[in-house]
2 protein chains.
Amino acid sequence: MEPNAFREHRPSMCRAREILDRVGDKWSLQVIAMLGEGTKRFTELKREIDGISQRMLTVTLRGLERDGIVSRTVFPVMPPRVDYALTPLGATLLDAASALVGWAEAHLDEIDAARADYDTRTAELDALRSS
Amino acid sequence: MEPNAFREHRPSMCRAREILDRVGDKWSLQVIAMLGEGTKRFTELKREIDGISQRMLTVTLRGLERDGIVSRTVFPVMPPRVDYALTPLGATLLDAASALVGWAEAHLDEIDAARADYDTRTAELDALRSS
DNA sequence: CGGGATCCTGGGCGATACTG
DNA sequence: CAGTATCGCCCAGGATCCCG
């Protein structure tokens, strides 16, 4: 049995949920992923992250900045210019999250198959029940 | 520069979001964590996962079962008995997720400090603005 | 015991308009 | 360009009741 962070002590889970709430929302991970490519400006992020509204980009970046995951650099020029980048802490988070993304890519086929399997099985049961 | 699953090709991210939607919801990860300790019954899970409603436990377990992460075994007896356990696939997910939980535990202090820092800084700015 | 079915609310999120 | 402010929708998830 390999070491398992979950088992050590229960209270860690509730704190861990805070982090997953941070990373598990709709946009944070994608923002972190984009910044993993290097420093980017606001509009650049908005252009590259498909479907995000400027409001949610702002909100997400603020949250990540507050947690010390993203750094925000304002240049006092006209028109305004703001650079965003991962902090060292943010970079370590990207690495940790990459493990999950790697898992996802490695097992997507299995999951799709499991879903199809489950759906057909339940469909058969429903058919039986209505007969 | 270490390998980064995010950079390889963009389409992987959208699929990756599916997985984070699965694991990033309010309860899935905790259910997986509990089942990491071994096979458990419905009521057992409900008792050990603090705050979960039976509805959400059912919904969560169904979703995980559909994705092939959790197995469900029904014993046709009275009163009913149903056992839940991680599948091999689920066990690998638990390992991958543990990386994130480990990161969370390792950096909680940094994050708390960053938040406190951010909050006091913005509080000072607000004070200046209202003067 | 292990669920379904139904109802209801909070807040996450999008759309739009305005600003330095 | 990089936001802020406001409004409103939608649905995840909680509460409750019932059932085999």
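**Close-up 1. Phosphate oxygens of DNA strand D beside side chains of chains A and B.** In this predicted model, an N or O atom in the side chain of A:Arg62 is 3.3 Å from a phosphate oxygen of DNA strand D. A polar side-chain atom of A:Arg41 lies 2.9 Å from a phosphate oxygen of the strand, and for an N or O atom in the side chain of B:Lys26 the distance to a phosphate oxygen is 2.9 Å. Two or more residues of the surface near DNA strand D come from each of helix H3 (42-48), helix H4 (54-66) and strand S3 (81-86) of chain A, and from H4 of chain B.

**Close-up 2. The protein surface near DNA strand D.** Among the 20 residues around DNA strand D, those that come nearest are A:Thr43, A:Arg72, A:Tyr84, B:Arg55 and B:Met56. H4(A) gives the most to this surface, with four residues, and by class the surface has eight nonpolar, five polar and seven charged residues. Of the strand's atoms within 4 Å of the protein, 71% belong to sugar or phosphate, while the rest belong to bases.

**Close-up 3. The interface between chain B and chain A.** Here 54 residues of chain B are in contact with 53 residues of chain A, and the area buried between the two chains is about 5300 Å², with carbon and sulfur atoms giving 65% of that area. Four salt bridges are counted between the chains, and in a salt bridge between B:Asp67 and A:Arg115 the N to O distance is 2.5 Å. On the side of chain B that touches chain A, helices H1 (11-23), H2 (28-35), H4 (54-66) and H5 (88-129) of chain B each supply at least two residues, and H5(B) gives the most, with 24 residues.

Methods:
Residues are numbered from 1 along each chain as its sequence is written. Chains are lettered from A and ligands numbered from 1 in the order in which they are written. This is a predicted model: local features need pLDDT of at least 70, side-chain atom pairs count only at pLDDT 80 or more; totals for chains, interfaces and linings use all residues. Side-chain values use heavy atoms; hydrogens and water are left out. Contact means heavy atoms within 4.5 Å. Buried area is the accessible area (1.4 Å probe) that two parts lose on being put together, summed over both. A salt bridge is a side-chain nitrogen of Lys or Arg within 4 Å of a carboxyl oxygen of Asp or Glu. A residue is near a molecule or strand if one of its heavy atoms lies within 4 Å of it. A polar contact is a pair of N or O atoms within 3.5 Å; within protein, one must be able to donate a hydrogen and the other to accept it, and residues adjacent in sequence count only if both atoms are side-chain atoms. Ala, Val, Leu, Ile, Met, Phe, Trp, Tyr, Cys and Pro count as nonpolar, Asp, Glu, Lys and Arg as charged, and the others, Gly among them, as polar.
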